[in-house]
Amino acid sequence: MKGNEEVVKLVNISKRYYLSSSVYVDALINVNLSIRRGEIAIVMGPSGSGKTTLMNIMGTLDKPTSGRVIIDGVDVTDADEKYLTRFRLERLGFVFQQYNLISQLTALENVMLPMLLTGRYTKDEAREKARLLLELVGIGEFANNRPSQLSGGQQQRVAIARALANDPSFIIMDEPTGSIDLASSYLILDLIKLLNSAMGVTFVIATHNMEVASIGSRIIYLRGGRVMSESDLVRIKEEFSKLRVDKTAVIKSYLRILDLEERRLRRLGQDLSEVERKRDLINSFIGST
Ligand SMILES: Nc1ncnc2c1ncn2[C@@H]1O[C@H](COP(=O)(O)OP(=O)(O)OP(=O)(O)O)[C@@H](O)[C@H]1O
Ligand SMILES: [Mg+2]
């Protein structure tokens, strides 16, 4: 496959969750988005802005209320669950905050499973590739440990090895460092960077975390279910920079406080320089506006 092609295209996606027959939440509103092969696309936004909803829709784990979901050029919007189960297995990789490894299986078996489920690997082939994948993510020596015998960061690396097993078109990560310590999360980030730059693995990562965001080739901001454009960001900045308080009233009160302070300090025979400094400061502020 060549670079620069779209692995995901979302066309006018909206998602409405009904809490009752008349109460609903618009988790996504008219989202248009495309992710290209070789990208590390970061999805940021406040809690409740729709990141997880977006990840679930991109991962075919959830259906939009309206709009189209196109993955690898295939419109999967109306595909049934049987088709999607296969589609996910063969084309997508998932790494979530909670590693959702199968607790009864060893690390090795967890990584083997998606290969065996496709029917395209013999058990020996799957075992050998799983071993190599665990080595690749730096935890070869823990192959026989069960998830409960691994640290959070190690479990997350197993999840990455598993996500890589069937050479996915892209890997979806939702808060991948959300529940692991700082040192482990730096390791995970290094690994993502390396997998991307050396092996061309495409990632879509939802995160609150600035360190995670820093490895992205692009940041998509969500706010109230909408994707913010550059011009939206400029508008928000302008809106935010407008003062919502009565500046004149604040200054007037402050100047009177300074007068009072000056009288008090004079009465005590104390140094006035601090009051004068503050008065200079506020005067230059008045002069500048
Ligand atoms: N299954 C659901 N049923 C009803 N409402 C839902 C459901 N899932 C999400 N929502 C609502 O949709 C909105 C978006 O939620 P979502 O989980 O996508 O946000 P998020 O950006 O991932 O937040 P966080 O940063 O907290 O993980 C929220 O208002 C949430 O309450
Ligand atoms: Mg979320």
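Helices here are DSSP runs of H or I with at least four residues, numbered from the N terminus. With that in hand, let us walk through this predicted model, starting at the ligand.

Helix 1 is the element that gives the most to the shell around ligand 1, contributing three residues. Strand 2, spanning 24–36, and helix 1, spanning 51–58, each supply at least two residues of that shell. If you would like to find the surroundings of ligand 1 in the viewer, look for Tyr 17, Leu 19, Val 25 and Ala 27, then Gly 45, and then Ser 47, Gly 48, Ser 49, Gly 50, Lys 51, Thr 52 and Thr 53. By character, the shell holds seven polar residues, four nonpolar ones and one that is charged.

Now step back to the chain as a whole. The protein chain is divided into domain 1, made of 35–64 + 79–239, and domain 2, covering 247–288. The centres of domain 1 and domain 2, taken over C-alpha atoms, are separated by 57 Å.

Next, turn to a pair of helices. Two packed helices are described by the angle between their axes and the distance between the axes. For helix 3 (residues 107–118) and helix 4 (residues 123–136), the axes come within 8 Å and cross at roughly 125 degrees. That angle makes helix 3 oblique to helix 4, and helix 3 passes helix 4 in a right-handed crossing. On the helix 3 side, the contact uses Ala 107, Leu 108, Val 111, Met 112, Met 115 and Leu 116. These meet Lys 123, Ala 126, Arg 127, Lys 129, Ala 130, Arg 131, Leu 133 and Leu 134 in helix 4. The residues of this contact comprise ten nonpolar and four charged, with no polar ones.

How values were computed:
Residues are numbered from 1 along each chain as its sequence is written. Chains are lettered from A and ligands numbered from 1 in the order in which they are written. This is a predicted model: local features need pLDDT of at least 70, side-chain atom pairs count only at pLDDT 80 or more; totals for chains, interfaces and linings use all residues. Axes are lines fitted to C-alpha atoms, for helices over the stretch in contact, and angles run from 0 to 180 degrees between N-to-C directions. Angles under 35 degrees count as roughly parallel, over 145 as roughly antiparallel, 65 to 115 as roughly perpendicular and the rest as oblique. A crossing is left-handed if the near helix is turned anticlockwise from the far one by less than a right angle, and right-handed if clockwise. Two residues are in contact if their C-beta atoms, placed from the backbone, lie within 7 Å. Ala, Val, Leu, Ile, Met, Phe, Trp, Tyr, Cys and Pro count as nonpolar, Asp, Glu, Lys and Arg as charged, and the others, Gly among them, as polar. Domain bounds come from an automatic or database domain assignment. A residue is near a molecule or strand if its C-beta atom, placed from the backbone, lies within 6 Å of it.
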